[in-house]
Structure formats: C-alpha cells, structure tokens
Amino acid sequence: FRELINERNSRSNDASRVLAQLLVEQVKALPESDVENRNQLLGKTRTIYESLVADSSSQVTDLLRFGVFLLEYGDAKDSTRIDQLQKELESSSDSMVSAIDLSIRRANHEGDDKAAIPLVEEWANKAKRDGELTDDQIA
C-alpha cells in the first residue's frame, strides 16, 4: 500500500483509505495495555486521514471517516478539528447525510443519545425548505 500511496496517482488515495482502515483494525486487535504500539498506529492513521482531507479531491467518506476516527481515538483537543470536518460536510448538499451521521455519532459519543431525533428533523426541514426533498421522500 505504501508504494501505491507514494506513487501519487489515481490509486494513491484509495490505497491510503484502505491502509487507514487496516491500521484501525490493527489498533482494535491490540490490547489496551500496549500503549506504545497503539499510539504509533493511531499517529500513522491520523497522518493518512489528514493527508486525505487536505487533498483537493477528498471525498465525503474521507471527511466522515476522519471525524469518526477522531471521536473514537482522539482527545478533547480534537474537538475543533471535528467542528471543521462537520462544517465541511454541511457545506454541500451532497454530504448532508454524512453531516447528520457525524452529528449523531458525536452526540452519542458525548452521552446525548436523545439528540438524534432533533438533528434528523432539522435536516429534513432544511432539505424540504431547500427543495432537495419532498414530504413523501422525508416520510
């Protein structure tokens, strides 16, 4: 994967995405007590995601996956970065479902499991106002 990533061609970002997922799976397989290896793998994964979202051809999935990664493995200082990712997702109608997904995951992560309904209702109302969805599609 690293060779493909270093080639900087059309397959490089896909290889980066797969490598990031593989590294996360390796972290999940490590015992919590193996702090050094976990931190090393998490650092590599963070670097890959930062590179993906900085790329002008980044995809909605890159923004969402990085946000989810930060929720699961980041710390309090990552809150600002998650806010930025959230705003990027909200900036396009093509990524609104992913924006809602990240909002709900964040609320659940912060212990607010009742936030999902108002977030979805707000999104549906906005989509209806903007003409992106009809009442039948929302139902």
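**A tour of rings and charges**

Start by selecting Arg38: at 12% relative accessibility, Arg38 counts as buried (buried means under 20% relative accessible area, exposed over 50%, partly exposed in between, with a 1.4 Å probe and protein chains only). This is a predicted model, where local features need pLDDT of at least 70, side-chain atom pairs count only at pLDDT 80 or more, and totals for chains, interfaces and linings use all residues. Residues are numbered from 1 along each chain as its sequence is written, and side-chain values use heavy atoms, with hydrogens and water left out.

Now add Glu32, which forms a salt bridge with Arg38, the closest N and O atoms being 3.7 Å apart (a side-chain nitrogen of Lys or Arg within 4 Å of a carboxyl oxygen of Asp or Glu). Glu32 is exposed, at 62%.

Next, pick Asp62 and Arg17: their closest N and O atoms are 2.6 Å apart in another salt bridge. Asp62 sits in helix 4 and Arg17 in helix 2 (residues 12-29), 45 residues apart (helices are DSSP runs of H or I, at least four residues, and strands runs of E, at least two, numbered from the N terminus). Show Asp14 too, since a network of salt bridges links Asp14, Arg17 and Asp62.

Which rings should you look at last? Ring pairs join Tyr49, Phe66, Phe69 and Tyr73 into a cluster (rings of Phe, Tyr and Trp, using its six-membered ring, pair if their centres lie within 6.5 Å; planes under 30 degrees apart count as stacked, over 60 as edge-to-face and the rest as tilted). Finish on Phe66, which is buried at 0% relative accessibility.
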